[in-house]
Amino acid sequence: MIGIAVIGAGRIGRIHARNLQQHSAADLRYIIDVSAKAARQLAADCATEVGDIDSVLADPLIQALVIASPTTTHAGLIAAAAAAGKAIFCEKPLDLDLAGARQSLAVVAQHQVPLCLGFNRRHDPSFERLKQEIASDSAGRVEVVSIVSRDPAPPPPDYIEASGGLFRDMMIHDFDMARWLLGEEPIEVFAIGSVLIDPAIGAAGDLDTAIAVLKTASGRICQITNSRRCSYGYDQRIEVFGSGGMVRAANQRETQVETANRDGFGRDPLLPFFLQRYAASYRIQMDKFLRALGGEAIDLPGGIDGLRALQIADAAQRSTEERVPMAL
C-alpha cells in the first residue's frame with residue numbers, strides 16, 4: 001500500500017481522491033485544502049482525514065503527493081514535495097511561469113523523485129488505440145494531425161482571471177497530445193484567437209475561441225481548434241492523416257445506438273463534459289502512476305512534457321498578440 005495525500009479538494013481533487021480511495025494499492029491518508037469545509041467533506045466521502053502540508057511532508061508514511069490545487073501553487077508544492085523525498089503527481093500546467101516551472105524541475109532533478117504530469121488524455125482508451133495505430137503504420141507516415149477540443153460552456157470570469165488563459169489552461173492538453181502523436185517536437189507555432197462567445201472573457205484579458213498550427217522540423221503539421229462553447233456537447237475528436245491513410249477517434253456518447261425513421265437518423269447526444277468523457281482516463285492514469293511507484297516500467301508524462309507544453313502555450317500566446325509565427 002502506497003501512502004498518499006491529495007492536495008486540493010476541488011473538482012479535480014475529488015476525482016483523484018475517489019479513484020485513489022477505490023484503488024487496492026493506495027492508502028489515501030489525507031486531504032489538504034485551504035477551504036476547511038471542502039477538505040472535511042471530501043475526507044468524509046473518502047473515509048480519510050484532513051491534513052496540513054507541513055505535517056504531510058514530514059510524515060514518513062506518505063510516499064506520494066497528488067497536487068490538484070490551483071495552478072499558482074503547483075511549482076512551490078512540487079519543489080517542497082521533492083525536497084521531502086515524496087513522489088509527485090501534479091495536474092497540468094506545471095506553473096503559469098516558465099521560470100517557476102524550471103525551478104521546480106531543478107529541485108525534482110536534485111532529489112531524483114518521480115514526477116508525473118496529469119495529461120490524462122494520453123491514457124484515454126480511444127486515444128491510446130490511435131497512438132498504437134500510428135505506431136503500427138496503419139496510416140503510413142504521419143503528415144497532419146487535427147485536434148478538435150470544444151467545451152460545452154465557458155467557465156465564470158473569476159476562473160478565467162486566475163487560469164493563465166486559454167492556451168495554458170485549455171489548449172495545453174492539446175499541445176501535449178500534438179507532441180505525443182506527431183512523434184517529434186514542433187519547432188514553430190502560429191496561433192490566432194478571438195472573443196466570440198462572452199465579452200467578459202475578453203474583459204478578463206483572455207480569448208474564448210482559438211486555432212493553433214504547429215510544424216515540426218520534418219514538415220509535419222498539427223492544427224488545433226479550441227472553443228469555450230459548443231451547443232451540442234463536449235466535442236473531442238482527433239484525426240491523423242498520413243501517407244497511407246487515416247486514423248481517427250470520434251466523439252463519445254452514452255451508447256452507440258442509432259435509430260432511423262421518417263424523421264431521419266437519431267443518436268444519443270455527446271457526453272456532457274470532461275468528468276464523463278475522460279472518467280476512464282483519470283482512473284487509468286492514476287493506476288499507472290501507482291504501478292510505476294510499485295516498480296513497473298511504465299511510460300508516463302513527466303516534468304519535461306509539462307515544460308514543453310507550457311513553452312508552446314507561451315509561444316502561442318505571443319503569436320496571437322504579435323500576429324506572427326513563433327519559433328520554439
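**Reading salt bridges and a cavity**

Me: Glutamate 133 and arginine 129 both lie in helix 6, 4 residues apart, about one turn of the helix. How far apart are the closest N and O atoms of their salt bridge?

Reply: A salt bridge places a side-chain nitrogen of Lys or Arg within 4 Å of a carboxyl oxygen of Asp or Glu; helices (H or I, at least four residues) and strands (E, at least two) are DSSP runs, numbered from the N terminus. Here the closest N and O atoms of glutamate 133 and arginine 129 are 2.8 Å apart. The model is predicted, with local features requiring pLDDT of at least 70, side-chain atom pairs pLDDT 80 or more, and totals for chains, interfaces and linings using all residues. Residues are numbered from 1 along each chain as its sequence is written, and side-chain values use heavy atoms, without hydrogens or water.

Me: Is glutamate 133 buried, partly exposed or exposed?

Reply: Buried means under 20% relative accessible area, exposed over 50%, and partly exposed in between (1.4 Å probe, protein chains only). Glutamate 133, at 21%, is partly exposed.

Me: Which parts of the chain does the salt bridge between glutamate 185 and arginine 308 tie together?

Reply: Glutamate 185 belongs to the loop between helix 9 and strand 8 (186-194), and arginine 308 to helix 13 (residues 303-322), so the pair connects parts 123 residues apart in sequence. Their N-to-O distance is 3.1 Å. Glutamate 185 is partly exposed at 32%, as is arginine 308 at 33%. Through shared partners, salt bridges join Arg122, Asp176, Arg179, Glu185, Asp305 and Arg308 into one network. The count for the model is 21 salt bridges.

Me: Where do the partners of the salt bridge between arginine 121 and aspartate 174 lie?

Reply: Arginine 121 is in the loop between strand 6 (115-117) and helix 6 (125-135), and aspartate 174 is in helix 9, 53 residues apart; the pair links distant parts of the chain. The closest N and O atoms are 3.3 Å apart. Arginine 121 is buried, with a relative accessible area of 7%, and aspartate 174 is buried at 2%.

Me: Which residues line the largest cavity?

Reply: A cavity is a set of points on a 1 Å grid over the protein atoms alone where a 1.4 Å probe fits but cannot get out, and lining residues have an atom within 4 Å of a point. The lining comprises Arg121, Phe127, Ile147, Val148, Ser149, Asp174, Met177, Gln236, Arg237, Ile238 and Tyr278. Strand 7 (142-150), helix 9 (171-182) and strand 11 (235-242) each give two or more residues to this lining.

Notes. 1 Å grid on protein atoms, 1.4 Å probe; cavity = no way out; pocket = protein on both sides within 12 Å on 5 of 7 lines; lining within 4 Å.
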